[in-house]
Each structure stands twice: as structure tokens, then as C-alpha cells.
Amino acid sequence: MAAMNLLVSAGVHYSCLKPGNGFSISKPKVYKLGPRAALVEAGPRPDGSPLALQVSRGDLAAELQAEARAMARAANASVYSPELLAKKYGSRPVQAVQRTLEILVALGSFGTKLLLDQRNGTLDRNKRQRAIELRSIFTRLGPTFVKLGQGLSTRPDLCPPEYLEELAELQDALPTFPDADAFSCIETELGMPIESIFSSISASPIAAASLGQVYKAKLKYSGQTVAVKVQRPGIEEAIGLDFYLIRGLGFLINKYVDFITSDVVALIDEFARRVYQELNYVQEGQNAKKFKTLYADKEDILVPDIYWNYTSGKVLTMEWVNGVKLNQQAAIESQGLKVIDLVTTGIQCSLRQLLEHGYFHADPHPGNLLATPEGKLAFLDFGMMSETPEDARSAIIGHVVHMVNRDYEAMARDYYALDFLATNVDVSPIVPALRDFFDDALNYTVSELNFKTLVDGLGNVLYQYPFNVPAYYALILRSLTVLEGLALYADPNFKVLAASYPYFAKRLLTDPNPYLRDALVELLFKDGRFRWNRLEDLLIEGRKDRDFSAKDALQPVLKLLLAPDGEELRTLTIKEAVRVTEAVILGSVADTYNSAPSFVQTLLINGNGNGALAMNSADLEAMMELRNQVFRIWGLLSSSENFDPAFLQPILQVLQQPEGRSLGGRVVSGITQRLAARLLQQLLRTPTVPASSL
């Protein structure tokens with residue numbers, strides 16, 4: 001089986017993939033640069049270790065110096081500035097009018113066809129044809145509209161399936177620019193002849209995308225196979241004019257279109273800023289380096305290395321990666337891999353990105369996620385990254401807790417922390433809308449709830465009120481929606497929320513963050529009672545996360561319990577500890593009684609018609625269920641893979657502290673009083689003719 005060799009960087013995706021038993025790449029001509037051999041397949045080193053950096057692993061100083069030189073080469077990289085664009089293109093009215101007419105004619109003719117389809121009743125029948133036409137229009141209009149189409153291809157909430165499928169091809173097949181221009185750019189940017197850099201390079205690009213195209217090459221000094229991405233000539237001029245015009249349209253929308261409540265100009269500026277960041281390939285290389293540092297510690301995640309000596313603002317040289325695009329199910333399964341396993345890995349990594357470090361890949365479409373032959377998930381294309389604010393990370397997890405609890409007032413207040421609403425906005429009118437939607441949605445179990453359905457329903461709520469959805473949140477929704485969409489190709493019943501819930505459960509049980517600690521307490525305690533069923537559910541789900549630690553479970557709550565401001569929680573805990581201890585003791589008595597011979601039972605009850613314990617059957621059943629539930633929870637902890645009885649040692653140490661001894665004394669006192677009261681009640685019962693046993 002032939003492996004597919006594939007590396008895509010910053011929006012670059014292969015256009016020459018051919019389905020078969022596996023996938024292969026049509027062999028491009030090789031640009032001969034010396035006597036060295038032509039291109040060969042990249043692969044692991046003989047000892048099985050990964051490809052080395054162009055500098056020694058131990059020579060960190062040399063690598064940092066190479067990176068600094070790359071930064072110097074990119075010192076004049078363009079930065080998005082609306083003011084500079086207005087000054088530049090405001091003085092070129094003829095050029096602006098010509099481009100405006102070009103855009104209006106292209107999109108206007110498409111819009112006219114849609115109106116005619118609607119009038120003639122052929123809108124649904126012609127969807128595929130119109131989607132193909134729109135893809136062609138975006139391609140003709142250039143890089144800005146290609147980026148726009150790529151964004152729309154991951155928005156099932158905005159586009160029908162036919163449009164999603166066609167616009168997705170914008171990520172795979174785009175026109176190339178002349179190879180001579182690309183090679184000239186490499187020499188100019190790196191300041192040396194191309195033959196002194198590479199022993200060979202493909203004579204034509206392996207792939208092309210909106211901002212650049214990729215060549216396959218071999219480094220002259222080491223013979224390592226790399227991917228070299230070169231920026232399209234004139235790209236800054238093209239996108240600069242387009243953003244100037246689109247921003248002007250945004251001002252008109254803000255002024256005259258009342259039903260759009262978001263600041264359209266701000267959204268355009270955010271999008272433009274990200275596109276301009278993608279034009280700086282050194283920045284992309286630094287993004288990849290940071291991403292690898294944060295997330296490639298997991299053995300199932302692969303991030304390619306950057307070759308800084310051969311990178312500049314317009315040229316990026318990266319490690320070549322063998323792999324198959326994540327939406328090519330047949331090719332993946334032919335290697336003995338499962339798409340679902342890879343998508344689950346992607347979801348877990350995405351949750352770490354979004355909610356732990358807050359630095360996340362904002363463009364996870366199929367071309368940027370590869371399945372390697374070793375079963376790893378390779379992340380590519382680090383041009384578009386985003387960050388989740390620290391406060392928002394905890395607020396998102398808390399929001400999920402409030403949703404599960406159906407605490408819609410708290411959900412509404414979460415929108416302040418999430419920066420959806422200004423603090424002076426009254427959230428009380430929003431609560432009924434949340435209740436109407438989520439009461440219906442939460443009738444499904446977590447495993448049944450579709451993420452897209454949840455996003456669409458929440459979107460309808462947000463649309464009705466003065467919400468301003470931050471860019472990071474929209475990118476989060478996009479990321480998880482894309483991953484769920486990829487999984488649905490392989491398993492129509494896959495639910496991203498079900499795959500995500502173990503992570504949320506683990507974080508709630510183990511994270512010392514005060515916000516999450518309070519959310520856990522809020523989840524476990526209600527109306528003065530401990531909800532053991534919620535704890536059991538959290539442990540069942542949390543154990544599914546590969547990083548779950550029984551040692552860390554509930555430690556944050558224990559610390560809060562003994563904190564100076566934890567008196568209210570201590571009071572609730574003491575009551576629950578007394579109740580549980582009573583259930584364990586009396587449950588054991590009941591078990592002993594029920595296992596005794598009948599004549600012994602008769603002697604024990606001695607005329608007490610209520611059996612060995614003075615309680616009705618409903619109370620006894622509830623007590624036995626509580627005891628059994630506590631035992632099940634202990635079983636979940638003790639059967640965890642990394643369980644060590646020593647994890648109880650910190651608890652015992654804490655209980656030896658003054659606050660702990662006081663808490664223990666109050667628990668013992670409470671148990672003694674309850675058992676004494678139970679015994680007295682038993683003795684004072686009026687003897688009757690035995691009617692039944694326990």
C-alpha cells in the first residue's frame with residue numbers, strides 16, 4: 001500500500017490526490033539543482049526517531065539565532081491598517097470603481113439566478129449547479145473571496161450541504177502562479193541562490209491555495225525532504241483593495257440595516273487582521289512552534305518542525321509529513337486506522353487548546369488535519385490561530401455545568417464573563433428564551449444531543465437579543481462543528497458533546513481553579529443535599545478521559561471544605577457524612593439481619609412488627625440505595641487505571657490539621673446522636689405481632 005505524502009501549510013492543500021486502494025501523488029518534474037538524487041519519499045530515520053531539526057536538539061541557541069534571522073527577514077511584513085488602506089485606495093477612485101464593478105457584476109449575476117430559481121420553484125433542484133457557480137465566482141474574484149468561501153465551507157448553519165461540499169473544494173484545487181516567479185521569490189527572500197539551498201525541488205507546485213503554493217524539495221546540506229511554501233506575488237495589493245471596499249460596505253450595513261445587531265465593521269477588521277497575519281510566514285512558523293510546545297506532548301499528536309534558516313516573510317520551509325486527509329475515510333481505513341479514533345483525538349486536543357492553554361488552531365478543516373500511517377493526528381496550517389481569554393475558559397466550562405443543571409439564570413449571567421453582553425444589559429428577559437430552548441434540547445441525553453443542533457438553537461436565542469459574539473467564540477463553535485462533521489462521515493450517530501463530556505467531567509473533578517471549584521460544588525449540592533448521582537455520573541464520564549487521575553479527584557473541594565470561608569460547605573458536608581455513615585452502619589445491620597436464620601430474626605425483633613430497624617420500607621430502601629451508591633463511587637475510584645490507595649494520604653493529613661480535627665469531631669458527634677436517636681426510637685416502639693421482616 002502506497003503512503004500518501006502530504007504536507008500542507010497555511011491554507012495550502014493538495015490538488016493532485018487520486019482515490020484508489022490508497023492515495024498517491026502524481027510525480028512532478030524535478031528541478032535539478034545539482035548531482036544529488038531526485039526527490040524520494042520522506043520517512044522515519046533508520047533508528048525510528050523523528051526527523052531532526054536543522055539544528056541539533058541540544059543547540060537551542062543556534063535555533064533561536066536562526067529564528068531571529070528569519071524574523072529580521074520578515075521585518076517589513078505588512079500589517080492590517082484600515083487607515084493606511086483608506087489613504088492608499090481613497091486616492092485611487094478609478095481602481096476602486098473598477099474592482100467594485102467586477103465584484104458587483106459577478107455576485108449580482110449569481111444573485112439574479114437565485115431569485116429566478118426561487119420564482120420558478122427550482123431553487124432546490126438547482127442547488128448543486130449554483131454551488132458550483134459560486135465556487136467558480138469566488139475563484140475568479142481572487143484570494144480574498146477564496147478565503148471567504150473557505151470560511152463559509154465550514155458553516156453548516158449558513159450554507160446548505162451542496163454549497164458546503166463545493167466550497168470545500170476551494171481548499172483543494174486553486175490556480176497556480178508561474179514557477180519562475182516562485183523560485184525568484186525564494187532567492188530574493190532568502191538571499192541566496194536556490195541551488196545552494198536545495199539539492200532538488202519539484203518543477204511544479206504540489207499544491208496551491210489562496211495565499212501561496214507548495215513545492216516539494218530536498219535540503220542540500222542534510223538531504224531531508226521538506227515542503228516549501230511560497231507566497232503569491234501581488235497578494236497584498238489584491239486583498240488590500242478588497243478589504244478597503246468590503247469595509248466601506250460594512251459601514252453602510254451598520255448604518256442602514258437594522259436587523260443586524262453586530263458591528264459588521266469590527267467583524268471585517270477582525271477577519272482582515274487574521275488574513276494579514278497569514279501573509280507573514282515567520283509568524284506562522286512561530287505559531288507552529290508554540291502549538292507544538294503546548295500540545296505535541298501527547299504521543300498521538302504530530303506538529304511539523306520549522307526550518308528557520310530557510311524561512312522568511314514570504315517563504316516557509318517545514319518538515320514533510322506523510323498522511324491522509326481526515327475526510328478520506330477509505331484511505332485511512334486501508335491503513336488499519338479509524339476516522340472516529342482520530343476525530344476523538346482531535347476533539348480532546350481541541351478542548352485542551354480552547355480550555356487549558358487558550359491558544360487554538362482556528363482553521364481545522366479537513367485539509368489541515370492528516371492521519372499519519374502511525375495513527376497520529378497531524379495538525380497543519382498555523383496561519384490562523386486564536387486565543388480564548390483566561391476568564392472565558394472557566395466560564396465556558398461553568399456554562400456547560402449550568403446548562404446541565406438547567407440553571408438558566410446562571411447561564412444568562414455567564415454571558416457577562418464570556419463577554420457576550422455589556423454588564424449594564426439586563427439578562428432577565430433572556431432567561432425565558434434559554435429555558436424554552438434548552439428544556440426541549442436537554443430532554444435528550446448528552447450522547448443523543450447533536451452539537452450543531454445546540455449551536456443552531458443557541459444562535460436563534462443570540463439573534464433575538466443584543467449579543468455581541470466575540471470572534472474567539474465563533475471560532476470555537478466552528479472548530480467543534482467541523483470536527484463533528486468529519487466524524488459524521490464515518491459514523492452518522494457520532495456526537496461531539498458525548499465525546500467532549502469526559503473532558504469536562506475530568507476538569508470539574510480535578511481543576512483547582514476557583515471558578516470551576518465553585519461550579520463543582522454547585523453541581524453536587526442542591527437544596528442542602530448532596531447529589532450522589534451527579535458525582536457518580538461525573539466519575540463515570542471523567543474516567544473515560546485518558547488524563548483522569550483518581551488522586552486529583554475532588555481535591556479542590558476538599559481544600560475549599562477546610563478553607564476559612566468554607567463554613568457553609570462544612571455544614572452541608574457534616575450533614576451528608578452523618579447520613580452516609582448511618583446508611584452504611586444500618587445497611588450492614590439490615591444485611592446481617594436478612595442473612596440470619598428465621599428463628600434468629602424472630603428473637604431479634606421480639607414482637608416488634610417493624611423488624612430489626614424502626615423505619616418504614618421507603619426510608620429503608622432510600623438508605624440502602626444511598627449506601628450502594630457510595631460503594632459504587634468508591635468502586636469507580638478504586639478501579640481507575642492509576643489508582644493508588646496513597647491518594648487518601650493528603651486527606652488524612654488534612655484531617656490532622658485543627659480545622660480537619662474539628663470537622664471530624666462534628667461528624668462523629670452527629671453520627672452518635674443519630675444512632676442514639678435511632679436506638680431509642682427502636683426501644684420505645686410499641687411491640688406488636690410480627691407482620692414481616694425487613
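Author: Before we start, one term: two residues are in contact when they have heavy atoms within 4.5 Å. And keep in mind that this is a predicted model.

Reader: Okay. Leaving aside its neighbours within four places in sequence, which residues is Ala 362 in contact with?

Author: With that cut-off, Ala 362 is in contact with Met 384, Met 385, Ser 386, Leu 475 and Arg 478. Ala 362 itself lies in the loop between strand 11 (359-361) and strand 12 (369-371).

Reader: Does Ala 362 count as buried or exposed, and why?

Author: Buried means under 20% relative accessible area. Ala 362 has 0% relative accessibility, so it counts as buried.

Reader: How far apart are the C-alpha atoms of Ala 362 and Asp 381?

Author: They're separated by 9.5 Å, with the two residues 19 apart along the chain.

Reader: Now helix 18. How do you know what its 15 residues should span?

Author: You take 1.5 Å times one less than the number of residues. For helix 18 (residues 496-510) that comes to 21 Å, and its end C-alpha atoms are 22 Å apart, so the two agree.

Reader: And what makes you call helix 18 mostly covered?

Author: Use the burial cut-off again, under 20% relative accessible area. In helix 18, 14 of the 15 residues are buried.

Reader: Why are helix 19 and helix 20 called oblique to each other?

Author: Helix 19 (residues 514-524) and helix 20 (residues 532-542) pack at about 125°, their axes 8 Å apart. Roughly perpendicular runs from 65 to 115 degrees and roughly antiparallel starts over 145. The angle fits neither class, and therefore the pair is oblique.

Reader: Which residues make that contact?

Author: Helix 19 brings Leu 520, Leu 523 and Leu 524, while helix 20 brings Arg 534, Leu 535 and Leu 538. Leu counts as nonpolar and Arg as charged, so the tally is five nonpolar, no polar and one charged.

Reader: Where in the protein is the confidence lowest, and where is it highest?

Author: The lowest is in strand 2 (residues 23-25), with a mean pLDDT of 32, and the highest is in strand 9 (residues 315-319), at 96. Over residues 1-28 the pLDDT is below 50, though this stretch has 93 contacts in the model beyond near neighbours in sequence. Residues 34-57 are below 50 too, with 49 such contacts. The protein averages 77, and 74% of the residues score at least 70.

Reader: How many helices and strands does the protein have?

Author: There are 26 helices and 16 strands. Of the 694 residues, 50% count as buried.

Note on methods. Residues numbered from 1 in each chain as written. Predicted model: local features only at pLDDT ≥ 70, side-chain atom pairs only at ≥ 80, totals over all residues. Heavy atoms only, no water. pLDDT = per-residue confidence, 0-100. Helix = DSSP H or I, 4+ residues; strand = E, 2+ residues; numbered from the N terminus. Buried < 20%, exposed > 50% of the residue type's maximum accessible area, 1.4 Å probe, protein only. Axes fitted to C-alpha atoms, helices over the stretch in contact; angles between N-to-C directions. Parallel < 35°, antiparallel > 145°, perpendicular 65-115°, else oblique.
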